[in-house]
Amino acid sequence: MKTLTTTAELAAFCTEAATFDYVTVDTEFLRERTYYSKLCLIQLAMPGKDDSGAVLVDPLADGLSLEPLYDLFRDTSVVKVFHAARQDLEIFYVDAQVFPEPLFDTQVAAMVCGFGEQVGYETLVRRIAKQQLDKTSRFTDWSRRPLTEAQKTYALADVTHLRDIYEFLADKLEETGRSRWVREELTVLTSPETYVVTPTEAWRRVKTRTNSPKFLAVVRELAAFREIYAQERNVPRNRVFKDDALVELASNKPKTPEELGRARLLLREARRGDIAEGILKAVAAGVACAPEKMPQPDRSRDKLQVNPALADLLRVLLKAKTESVGVAAKLIASAADLDGIAAGLRDVPALSGWRKEVFGADALRLCDGKIALAADNSDVRIVSLD
């Protein structure tokens, strides 16, 4: 198996790959000790039935530029095929603000084709490629050099079997007319907002038991400080302080280093130095926040009057629809979506795009009393009342 370590070698491969309809892509990376993923290896494969068109790219090699690969990503005549692409795309977007176009994610396609929710690559290899994967190298240190032969074999299998999976799923989508469904789903993966964390908005990820604006003002300042500190030093946010410690600090609002030192959940390293100073400043800023600038929790759903009987009927309808089209229920509508529809909301994801065609249109008709559900042996039948 060939490992590319120079820009010229990568450019030659990408030039040849650009003559094909698609190329499969995967990465190996580390993130346990950093805020941003450390890219350690890239796997690429052109169409074919052997390993001759598959290579490993070593991004840690001195002087190697990934620009030839990014040029291939920008080439819209070549489909870039990934499995569970989100983390891979984040790496490339952070590094070069580039997204592969067009993109095909076999995990998303498999869900649309009836393989279940978030189906794993190993499952698709077994069910579609009829092969078994050796996953013993999955959790090895990909930053160490030289790579072992076992590592290389494992890594290459992530793109060679992907060719068979892509071709099978692409044909299936074409047969069923669902290619557009996958394209709609992938718009989230190719949106910069998916990968950019704005420090002032980081508080929304913190789970709290109270929605008091005064309390959330302190949470917001602490979360923003943590995000900025982690980004600037490229360390995991949990290495600064964890969410439970953040909530404790927002509750106790320490004013002095002595009070901070009594925090039960704070890591030892955070009780002194830059982190301790930043915490105290963030708490003070949150406490001093003017009322009109305090975070306002989303209460749009607090007073919803959910019709429980209608919500149950919507769940039955969803089950019937997913069984008929072979798509995972959670991909079409969440429990919150169903409750929202039953309460009168009409801006939920289940009522737009391909989801509306599959489920949403009939869900609205059910809410309006235009259809009924009837048992037909072990199946559920939709009865028109128009």
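## An open sheet and the helices around it

Six strands build an open sheet whose order is 1-4-3-2-5-6 and whose pairing is mixed; helices (H or I, at least four residues) and strands (E, at least two) are DSSP runs, numbered from the N terminus, and two strands pair if DSSP finds at least two bridges between them. At the edges of this sheet lie strand 1 (2-4) and strand 6 (103-105), each of which pairs on one side only. Neighbouring strands of the sheet are turned by 30° against each other on average, with direction ignored. Axes are lines fitted to C-alpha atoms, for helices over the stretch in contact, and angles run from 0 to 180 degrees between N-to-C directions.

The model is predicted: local features need pLDDT of at least 70 and side-chain atom pairs count only at pLDDT 80 or more, while totals for chains, interfaces and linings use all residues. Residues are numbered from 1 along each chain as its sequence is written, and side-chain values use heavy atoms, with hydrogens and water left out.

### The chain as a whole

The secondary structure of the protein chain amounts to 16 helices and eight strands, and its C-alpha atoms fill a box of roughly 70 × 65 × 35 Å, taken along the principal axes. Of its 386 residues, 47% count as buried, where buried means under 20% relative accessible area, exposed over 50%, and partly exposed in between (1.4 Å probe, protein chains only). Among the contacts in the protein chain with a separation of 6 or more, 63% come from residues 24 or more positions apart; contact means heavy atoms within 4.5 Å.

### Strand 5 and its surroundings

Strand 5 (residues 79-82) runs parallel to strand 6 and is joined to strand 6 by three bridges, one of the bridge pairs being Phe 82 with Asp 105 of strand 6. Strand 5 also pairs with strand 2 in the parallel sense, over three bridges, and here Val 81 of strand 5 is the bridge partner of Thr 24. From strand 5 the chain crosses through helix 3 (residues 86-96) to strand 6, in a β-α-β crossover that is right-handed, meaning that, with the strands pointing away from the viewer, the path from the first strand over the helix to the second runs clockwise.

Which residues point one way from strand 5, and which the other way? Val 79 and Val 81 point one way, Lys 80 and Phe 82 the other way, and all are buried.

### Helices on the sheet and on each other

Helix 1 (residues 7-17) lies across strand 1, strand 3 (38-45) and strand 4 (54-57), and runs at about 115° to strand 1. Helix 2 (residues 67-74) packs on the sheet as well, touching strand 2 (22-30), strand 3 and strand 5, and its direction makes about 110° with that of strand 5.

The axes of helix 2 and helix 3 come within 12 Å and cross at roughly 110°, which means that helix 2 is roughly perpendicular to helix 3; angles under 35 degrees count as roughly parallel, over 145 as roughly antiparallel, 65 to 115 as roughly perpendicular and the rest as oblique. In this pair, Leu 69, Tyr 70 and Phe 73 of helix 2 meet Phe 92, Asp 95 and Ala 96 of helix 3.

Helix 7 (residues 179-186) and helix 16 (residues 353-367) pack at an angle of about 130° with their axes 8 Å apart, so helix 7 is oblique to helix 16. Residues that make this contact include Arg 180 and Trp 181 of helix 7 and Trp 354 and Arg 355 of helix 16.

In helix 10 (residues 243-252), the residues Ala 245, Leu 246, Glu 248, Leu 249 and Ala 250 are buried, and what covers the buried residues of helix 10 includes helix 8 (213-233), helix 11 (257-261) and helix 12 (273-287).

### Backbone details

Two peptide bonds that precede a proline are cis, and they are set out below.

| Cis peptide bond | Omega | Place of the proline |
|---|---|---|
| Glu 101 to Pro 102 | about -5° | loop between helix 3 and strand 6 |
| Arg 145 to Pro 146 | near 0° | loop between helix 5 (121-129) and helix 6 (149-176) |

Positive phi values also occur. Ala 84 has a positive phi of about 50° although it is not a glycine; Ala 84 is placed in the loop between strand 5 and helix 3 and is partly exposed, with a relative accessible area of 32%. Gln 97, likewise not a glycine, has a positive phi of about 50°, lies in the loop between helix 3 and strand 6 and is exposed, with a relative accessible area of 54%. Just after helix 10, Lys 253 takes a positive phi of about 50°.
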